[in-house]
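I opened this notebook to record, step by step, what I looked up in one protein model. The entries are kept short, and each concerns one topic.

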Amino acid sequence: EDPYGDPYGAVWDEEEDEDEEVEYPGGVDFGAVQERAPDGVKRPPFSIKKWHDKHKAYVDPEDEKEYRDTEEAHLRESFSVGRMHGIRFGLHDDHRDDEHQIKMTAGGILAYFMAALNPDDVELHPDEVSVIEETVADMKRHEGLNDDKQQLFYGYVANGKPKKRLLKLMGTLNTMRTARDGIGAMSAEDQMNERDLLADM
């Protein structure tokens with residue numbers, strides 16, 4: 001029996017020829033968690049939202065369980081982005097070394113954060129991008145993730161310090177963006193509050 005089980009919906013065929021290139025999907029059946037938005041409709045950044053087909057909009061999950069399911073799917077999707085970043089830039093062995101697709105590299109952490117915070121690539125303010133980059137760099141220093149080729153397991157990325165830092169950053173950036181969108185130009189008080197939020201990161 002496989003000691004690792006099926007970490008998050010991975011599907012593979014153990015009878016496949018080793019010489020044949022095989023795609024191990026390893027991802028999530030997002031349809032089981034939330035309906036998919038039509039092409040061109042983007043999720044708002046810095047939030048955990050689900051598509052509501054009746055309202056034709058992204059909305060907050062209705063209850064705690066739905067929120068957890070939506071958040072889990074969101075993080076798995078983002079993990080896949082970070083993992084593929086490592087493969088694309090030669091930081092990670094190909095998928096044969098990771099059939100279950102439960103590993104990524106430290107060099108993909110920024111891509112993971114960007115995907116989780118802004119999954120549909122909405123245009124961000126330069127200050128928002130800087131905050132994300134600085135937060136990730138600071139976290140990597142504190143966690144000792146100095147080698148971009150260092151392998152990280154899904155459990156650590158999606159449930160450990162990276163997740164805590166990610167969700168805190170998501171709340172901070174959401175507050176900053178709400179202040180900007182609400183008044184066009186930030187007041188001196190809001191700018192001070194923003195500095196306080198960043199200082200707490």
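The entries below go from the whole chain to single helices and residues.

**Entry 1: the model and its overall make-up**

I noted at the outset that this is a predicted model. I then looked up the secondary structure and found six helices and four strands in the protein. Read from the N terminus, the order of the elements is β-β-α-β-α-α-β-α-α-α.

I next looked up burial and found that 41% of the 201 residues count as buried. The protein exposes about 11600 Å², and carbon and sulfur atoms supply 47% of that area. For contacts with a separation of 6 or more, I recorded that 62% join residues 24 or more positions apart.

**Entry 2: helix α1**

I asked what span the 25 residues of helix α1 should have. At 1.5 Å a residue, helix α1 (residues 64-88) should span 36 Å, and its end C-alpha atoms are 36 Å apart, so the two values agree.

I then looked at the two ends of α1. At the N-terminal end, Asp63 acts as a cap, with a side-chain oxygen 3.3 Å from the backbone nitrogen of Lys65. Gly90 follows α1 and has a positive phi, near 75 degrees.

I also listed buried residues of α1, among them Glu66, Thr70, Glu71, Ala73, His74, Leu75, Ser78, Phe79 and Gly82. As background, I wrote down that an α-helix has 3.6 residues a turn, so residues three or four places apart point the same way.

**Entry 3: how α1 meets α2**

Two packed helices are described by the angle between their axes and the distance between the axes. For α1 and α2, I found an angle of about 145 degrees and axes 8 Å apart. The crossing of α1 past α2 is right-handed.

Which residues of α1 and α2 meet? On the α1 side I recorded His74, Leu75, Ser78, Phe79, Val81, Gly82 and His85, and on the α2 side Ala111, Tyr112, Ala115 and Ala116.

**Entry 4: Phe79 and Lys163**

Is Phe79, in helix α1, buried or exposed? Its relative accessible area is 1%, and because buried means under 20%, Phe79 counts as buried. I also looked up a pair that is distant in sequence: Phe79 and Val157 are 78 residues apart along the chain, while their C-alpha atoms are 7.9 Å apart in space.

Lys163 belongs to helix α5 (residues 161-183). Lys163 has a relative accessible area of 19%, so this lysine is also buried by the cut-off of under 20%. Leaving aside residues up to four places away in sequence, I found that Lys163 touches Glu71, Leu75, Val157 and Ala158. Of these, Glu71 and Leu75 appear among the buried residues of α1.

**Entry 5: positive phi in loops**

Most residues other than glycine have a negative phi. I therefore looked up exceptions to this rule.

Lys56 has a phi near 55 degrees, a positive value in a residue other than glycine. Lys56 lies in the loop between β1 (50-52) and β2 (57-59). Its relative accessibility is 54%, so Lys56 counts as exposed.

Asp121 also has a positive phi, near 55 degrees, and is not a glycine. Its place is the loop between α2 (109-117) and α3 (126-143). With a relative accessible area of 59%, Asp121 is exposed.

Technical notes. Residues are numbered from 1 along each chain as its sequence is written. This is a predicted model: local features need pLDDT of at least 70, side-chain atom pairs count only at pLDDT 80 or more; totals for chains, interfaces and linings use all residues. Side-chain values use heavy atoms; hydrogens and water are left out. Helices (H or I, at least four residues) and strands (E, at least two) are DSSP runs, numbered from the N terminus. Buried means under 20% relative accessible area, exposed over 50%, partly exposed in between (1.4 Å probe, protein chains only). Contact means heavy atoms within 4.5 Å. Accessible areas come from the Shrake-Rupley method with a 1.4 Å probe; for residues, only the protein chains shown count as cover. The expected span of a helix is 1.5 Å times one less than its number of residues. A polar contact is a pair of N or O atoms within 3.5 Å; within protein, one must be able to donate a hydrogen and the other to accept it, and residues adjacent in sequence count only if both atoms are side-chain atoms. Axes are lines fitted to C-alpha atoms, for helices over the stretch in contact, and angles run from 0 to 180 degrees between N-to-C directions. A crossing is left-handed if the near helix is turned anticlockwise from the far one by less than a right angle, and right-handed if clockwise.
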